[in-house]
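Please find below a note on the structure under review. The points are numbered so that each can be checked in turn.

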Amino acid sequence: GRALPPLAALSQVLRLERSRRTAIVFPLQKLERYLAPGTDTAPFRLFQPGLPALQRAETLFRSDRGHAIDYVSSAVRLNHAPPPALPEVCFIGRSNVGKSSLIRALFSLAPEVEVRVSKTPGHTKKMNFFKVGKYFTLVDMPGYGYRAPQDFVKMVEAYLQERHNLKRTFLLVDGIVGLQKTDHIAVDMLEEFGIPYVMVLTKIDRASRGLLLKNVLEIQEFVKESTQGCFPQLFLVSSVEFSGIHLLRCFVAHVTGNLPTVEAS
């Protein structure tokens with residue numbers, strides 16, 4: 001198989017000195033020290049699992065002989081989707097937000113899993129289903145906005161409304177540009193359907209600290225004032241540096257019911 005990227009495994013991160021380690025696992029906490037005095041920091045630390053929970057989550061994303069991680073199938077309509085037998089999470093976002101790169105980073109400990117990453121925005125035209133052993137299914141949804149599939153709305157709306165095993169939707173937002181008009185449309189759809197979701201800011205390695213902090217605070221304020229179904233903590237990720245990947249794996253494990261609650265509180 002392919003060699004694992006640096007820092008893909010928690011054991012590699014734990015060899016780093018402490019501040020670098022914290023920045024990789026909890027990138028939001030790295031930003032905390034630059035906040036103005038009096039800023040509410042509660043949304044920065046709502047999901048703060050300990051090492052045992054992070055390690056347990058990693059085992060779910062690491063394939064071995066008794067635990068296969070497989071691409072199952074693709075579907076353009078819900079009746080073509082695999083049976084809803086396992087807890088499910090889906091990832092949606094604007095074309096070119098880095099969705100396939102993020103999913104590839106999450107699955108980097110299972111290098112045999114093929115997640116196609118294209119330089120062309122709008123490459124994903126179907127719902128792609130990945131089965132993680134007997135634990136959960138992860139769904140890569142088509143991107144919205146530029147070059148979105150013609151029947152995107154019909155496909156995604158049907159999935160969100162009717163997929164009863166869907167535990168959480170991960171809405172990806174570009175960490176460099178923040179919330180865009182098309183993202184607001186996606187938020188409105190999730191709110192209207194009463195779907196629990198969480199926002200993930202991608203490409204944080206390409207945003208300056210000042211810009212990232214500005215976007216984080218603006219989105220947190222928007223989540224607090226204008227949403228009901230969104231988890232108050234943002235998740236920051238870099239698919240290049242693996243910042244936030246270990247924490248996001250842990251949150252996926254948590255929302256699919258694969259971590260004891262006490263570990264992930």
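1. The model discussed here is predicted. Its largest nonpolar core holds 48 residues. Within this core, the residues that touch the most other members are Phe91, Leu102, Phe107, Leu138, Phe170, Phe235 and Leu248. Helix α9 supplies the largest share of the core, namely eight residues. In soluble globular proteins, nonpolar side chains tend to be buried together.

2. A second core, separate from the one above, has 42 residues. Among them are Ala81, Ile92, Val187 and Tyr197.

3. Which residues does Phe170 contact, once its neighbours within four places in sequence are left aside? One group is Val89, Cys90, Phe91 and Ile92. Val198 and Val200 are also in contact with Phe170, as are Leu248, Phe251, Val252 and Val255. Of these partners, Phe91 and Leu248 are listed with Phe170 among the core residues that touch the most other members.

4. Strand β5 spans residues 166-174, and eight of its nine residues are buried. The strand is thus described as mostly covered. Strand β2 (residues 88-93) pairs with β5 in the parallel sense, over six bridges. In this pairing, Gly93 stands opposite Leu172 of β5.

5. Strand β5 is also joined to strand β6 (residues 197-202) by six bridges, and these two strands run parallel. Here Phe170 has Val198 in β6 as its bridge partner. The student may note that Val198 also appears among the contacts of Phe170.

6. How are helices α5 and α9 arranged? Two packed helices are described by the angle between their axes and the distance between the axes. Helix α5 covers residues 99-106 and helix α9 covers residues 245-255. The two pack at an angle of about 80°, and their axes are 10 Å apart. Angles of 65 to 115 degrees count as roughly perpendicular, and α5 and α9 are therefore roughly perpendicular to each other.

7. The contact of these helices brings Leu102, Ala105 and Leu106 of α5 against Ile245, Leu248 and Arg249 of α9. By type, the residues of this contact are five nonpolar, one charged and no polar. Leu102 and Leu248 also belong to the largest nonpolar core.

8. Is Asn215 buried or exposed? Asn215 lies in helix α8 (residues 209-226). Its relative accessible area is 4%; because buried means under 20%, Asn215 is buried. Leaving out residues up to four places away in sequence, Asn215 touches Gly175, Ile176, Val177 and Gly178.

Technical notes. Residues are numbered from 1 along each chain as its sequence is written. This is a predicted model: local features need pLDDT of at least 70, side-chain atom pairs count only at pLDDT 80 or more; totals for chains, interfaces and linings use all residues. Side-chain values use heavy atoms; hydrogens and water are left out. Axes are lines fitted to C-alpha atoms, for helices over the stretch in contact, and angles run from 0 to 180 degrees between N-to-C directions. Helices (H or I, at least four residues) and strands (E, at least two) are DSSP runs, numbered from the N terminus. Angles under 35 degrees count as roughly parallel, over 145 as roughly antiparallel, 65 to 115 as roughly perpendicular and the rest as oblique. Contact means heavy atoms within 4.5 Å. Ala, Val, Leu, Ile, Met, Phe, Trp, Tyr, Cys and Pro count as nonpolar, Asp, Glu, Lys and Arg as charged, and the others, Gly among them, as polar. A nonpolar core is a set of buried Ala, Val, Leu, Ile, Met, Phe, Trp, Tyr and Cys residues joined through side-chain atoms within 4.5 Å. Buried means under 20% relative accessible area, exposed over 50%, partly exposed in between (1.4 Å probe, protein chains only). Two strands pair if DSSP finds at least two bridges between them.
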